[in-house]
Structures are given as C-alpha cells and as structure tokens.
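Good morning, everyone, and thank you for making room for me today. Please have a look at the model on the screen, and I will then walk you through a few places in it.

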Amino acid sequence: MSRPTSAPTVSGGHPPAADYQVDAVIVGAGLSGLYQLHRLRELGLTAVVFEAGDDIGGTWYWNRYPGARCDIESMSYSYSFSPELDQEWEWSERYAAQPEILRYIHHVADRFDLREDVVLRSRVTRAVYDGHDHHWRLSTDTGGAVTARFVILTTGCMSVPKDPGIPGADSFTGAVHHTARWPREDVSFAGKRVAVIGTGCSGVQAVPVIAEEAASLTVFQRTPAYVLPAHNRPLRATERAALKAGYPEFRQAQRRSRGGTVFEPPTRSALEADGAERTAAYEAAWGRASSTDCCAPTPTSSPTRRPTRPWRSSSGPRSGRS
C-alpha cells in the first residue's frame with residue numbers, strides 16, 4: 001500500500017485535510033478501540049483511531065457521574081493480552097470506580113504507546129466503500145480524509161445519550177445533568193433538592209451517592225429494577241497476590257466462559273430443589289466473597305514496524321490526559 005512521501009502538519013490533534021492511506025481505521029478510543037489498535041500493530045498493519053471526545057477512555061471517559069463503577073470484578077474487567085500488565089497493575093477495590101478504570105486505560109495507552117495513533121476531537125462523518133479498488137474512503141468533521149482497507153467500529157452500543165423528552169423540561173430553571181454527559185468539574189448537591197429520573201444501572205449507582213449530600217432526593221421510576229448490594233470493599237494485598245498468582249488459569253477460564261465472567265453455572269432448575277435447598281444455595285451465593293477463585297495471560301507482544309503517521313507531525317500534540 002502506498003504511503004505519503006511526507007507527513008502533513010497536524011494542528012490541535014486533528015488529522016490533516018490531505019488524503020492519506022492506512023490499512024485500518026478504528027472509530028472510538030475506548031477499551032475495544034485501543035485493543036484493536038494494539039492487535040493490528042501486532043499483525044503488522046497500520047491503523048489510526050478517530051475519537052470524538054477530548055480524551056481516550058470511551059464509556060469511562062464520558063460516564064463520570066457520582067457512583068460510576070464497573071459491576072464486573074476489577075481483576076476480571078481488564079485486558080488479558082499481556083502477562084506483564086496483569087502483574088504490574090494494582091486494583092484497589094473489588095469493583096473499580098470510574099476514575100480508577102480511566103487511570104488504568106491511560107496506563108495501558110502509555111505503556112504500549114497507543115496514543116501516537118489516536119486522533120482526538122475528530123468524528124467520522126462519512127464512510128463510502130469503493131467496490132472497484134476494495135477500499136473505504138472516510139471523511140471527518142475536521143476536514144480530514146483517509147482511505148483504508150478495513151473500518152472497525154468500536155463505538156459501543158450506547159454511545160449516543162437518550163434524551164428523556166419530557167414536556168416542559170426546557171422551562172426548568174435549575175441545573176440539569178445527564179449521566180452519559182456528566183461535567184468534568186465537580187457538581188455539588190449540598191443543600192439542594194434533587195430529582196433523579198430513571199433507575200437503570202446509572203441511576204442505581206448515582207442515587208445513594210447523591211443522597212449522601214443532597215438536602216432531599218426524589219427518584220422517578222417507571223419500572224423497578226432487580227438490584228443487589230455489591231459488597232464492594234478494598235482488596236487486601238494478600239488477595240491481589242493470590243489472584244495474580246493464578247491469573248494464567250483464570251484467563252483461560254474466562255475464555256471458556258460465557259461473557260468472560262467465571263462462575264459455576266447451575267446444572268438444574270431451581271424449581272427442581274425444595275425450599276430449604278434453594279434457600280441454602282441462595283444464601284451461599286449471596287455471601288460468597290468473590291467469583292474470581294480460579295485465576296493470565298496470553299503471549300507477550302512482539303515488536304512490530306512503526307509506520308509513518310501522516311495524521312501526526314513530529315511536533316504535534318498527542319492524545320491528552322485527564
């Protein structure tokens with residue numbers, strides 16, 4: 001594949017207006033997009049990631065509302081492609097909060113030098129497939145243009161916030177915040193009357209945290225959700241050491257599991273057991289300290305060629321940090 005003879009100057013982290021070619025374009029710089037970039041490099045392919053936000057992180061960049069955290073245990077909710085990464089990162093809690101997950105993503109991007117191929121504040125607006133030469137031609141809202149053999153969309157299934165569309169909402173004179181577009185600066189609820197609309201995952205996490213500070217809190221709920229306490233707590237050093245020692249087996253178990261979470265699947269219906277047996281099983285599961293009892297990694301990454309980057313000048317800015 002042809003490459004530009006010189007790299008155009010980049011301004012403000014945006015791609016150049018001149019057309020250029022790569023093997024693959026990745027849309028979205030969240031966990032999936034960054035891994036795709038790493039994997040494509042391992043395969044010896046050139047790639048560029050376009051990210052609409054001001055920083056990398058995907059859902060963990062946008063969703064910074066009070067109480068935001070993962071509902072998968074920290075040592076499971078992490079990349080598995082590097083044994084060294086598994087061993088060096090220290091998770092502080094059983095279920096990591098948004099700031100810690102974002103720090104982890106930044107650590108991975110820095111450790112594997114992924115920022116070099118990420119273009120921030122740039123949204124892909126058009127993608128047309130040319131059946132004659134079997135390439136995609138893409139345009140961005142910053143005037144950039146790129147041609148690629150492959151386009152990989154890692155935008156997620158919930159990347160566009162849902163406006164509740166409540167009649168009269170535009171006449172409300174107080175502050176209005178959406179969990180999917182939470183401000184980067186702190187929001188104070190001290191002494192305020194607060195209403196939360198919706199009790200999905202975000203609402204369930206935000207309500208108890210906001211309630212600690214607000215003068216009053218009213219929750220508007222259409223359909224009750226089935227909610228369980230997380231039993232979250234700090235991880236002890238001995239737990240982290242034991243889990244890291246078993247990471248190779250745990251990663252293999254994750255790959256064999258349904259959805260990457262390791263647990264003993266039921267072998268029969270609960271209705272086949274009597275009441276006492278069901279209660280005993282439920283109580284045991286409720287009180288279980290961790291589902292990560294069998295706990296690594298895949299082969300280490302090998303060095304790959306570093307291509308010319310027409311979207312990045314030698315002095316141009318790299319993707320930002322929070």
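Let me begin with one residue, leucine 34, which, once we set aside residues up to four places away in sequence, touches Ala29, Ile56, Tyr79, Ile105, Leu114 and Val118. Before going further I should say that this is a predicted model, and everything I describe today should be heard with that in mind.

Leucine 34 is a useful starting point, since it is listed, together with Ile56, Trp91, Val108 and Val118, among the residues with the most contacts inside the largest nonpolar core, a core that has 33 residues. The elements that give two or more residues to this core are β1, residues 19-27, α1, residues 31-42, β2, residues 47-50, α4, residues 98-111, and α7, residues 247-256. Of these, α4 supplies the largest share, with five residues.

To put that core in its setting, the protein has eight helices and eight strands, and of its 322 residues, 38% count as buried. Its accessible surface comes to about 18400 Å², and 55% of that surface belongs to carbon and sulfur atoms.

Let us stay with helix α4 for a moment and compare two of its residues, starting with valine 108, which lies in this helix. Is valine 108 buried or exposed? Its relative accessible area is 1%, and because buried means under 20%, valine 108 counts as buried. Leaving aside neighbours within four places in sequence, valine 108 is in contact with Tyr79, Phe81, Leu85 and Leu114. For one of these, leucine 85, we also have a distance: valine 108 and leucine 85 are 23 residues apart in sequence, while their C-alpha atoms are 8.0 Å apart in space.

Arginine 103 is also found in helix α4, but with a relative accessibility of 49% it counts as partly exposed. From C-alpha to C-alpha, arginine 103 and tryptophan 60 are 9.7 Å apart, although 43 residues separate them in sequence.

Now to the empty space inside the model, where the largest cavity has a volume of about 40 Å³. Which residues line the largest cavity? They are Ser78, Tyr79, Leu85, Asp86, Trp89, Trp91, Tyr104 and Tyr247, and they divide into six nonpolar, one polar and one charged. You may recognise Tyr79 and Leu85 from this lining, because we met both of them as contacts of valine 108, where contact means heavy atoms within 4.5 Å.

Next, I would like to turn to some loops, beginning with glycine 28, which lies in the loop between β1 and α1. At 9% relative accessibility, glycine 28 counts as buried, and, not counting residues up to four places away in sequence, it touches Gly33, Val49, Phe50, Glu51 and Thr154. Glycine 28 and glycine 53 are 25 residues apart in sequence, with 8.8 Å between their C-alpha atoms.

Two other loop residues deserve a careful look at their backbone angles, and here it helps to remember that most residues other than glycine have a negative phi. Arginine 121, in the loop between β3, residues 118-119, and β4, residues 124-130, is not a glycine and yet has a positive phi of about 50°. With a relative accessible area of 34%, arginine 121 is partly exposed. Histidine 134, placed in the loop between β4 and β5, residues 135-140, is likewise not a glycine, and its phi is positive at about 60°.

Finally, let me take you to helix α5, residues 201-211, in which Gly203, Gln205, Ala206, Val207 and Ile210 are buried. What covers the buried residues of α5? The cover includes β7 and β8, the latter being residues 216-220. Alanine 195 lies in strand β7, residues 193-197, and the C-alpha atoms of alanine 195 and valine 207, twelve residues apart along the chain, are separated by 9.4 Å. If we leave aside neighbours within four places in sequence, alanine 195 is in contact with Thr218 and Phe220.

That is where I will stop, and I am happy to return to any of these places on the screen.

Note on methods
Residues numbered from 1 in each chain as written. Predicted model: local features only at pLDDT ≥ 70, side-chain atom pairs only at ≥ 80, totals over all residues. Heavy atoms only, no water. 1 Å grid on protein atoms, 1.4 Å probe; cavity = no way out; pocket = protein on both sides within 12 Å on 5 of 7 lines; lining within 4 Å. Points joined across faces, edges and corners; volume = space filled by probe spheres on them. Nonpolar A, V, L, I, M, F, W, Y, C, P; charged D, E, K, R; others polar. Helix = DSSP H or I, 4+ residues; strand = E, 2+ residues; numbered from the N terminus. Buried < 20%, exposed > 50% of the residue type's maximum accessible area, 1.4 Å probe, protein only. Areas by Shrake-Rupley, 256 points an atom, 1.4 Å probe, with all protein chains shown as cover. Core = buried A, V, L, I, M, F, W, Y, C linked by side-chain atoms within 4.5 Å.
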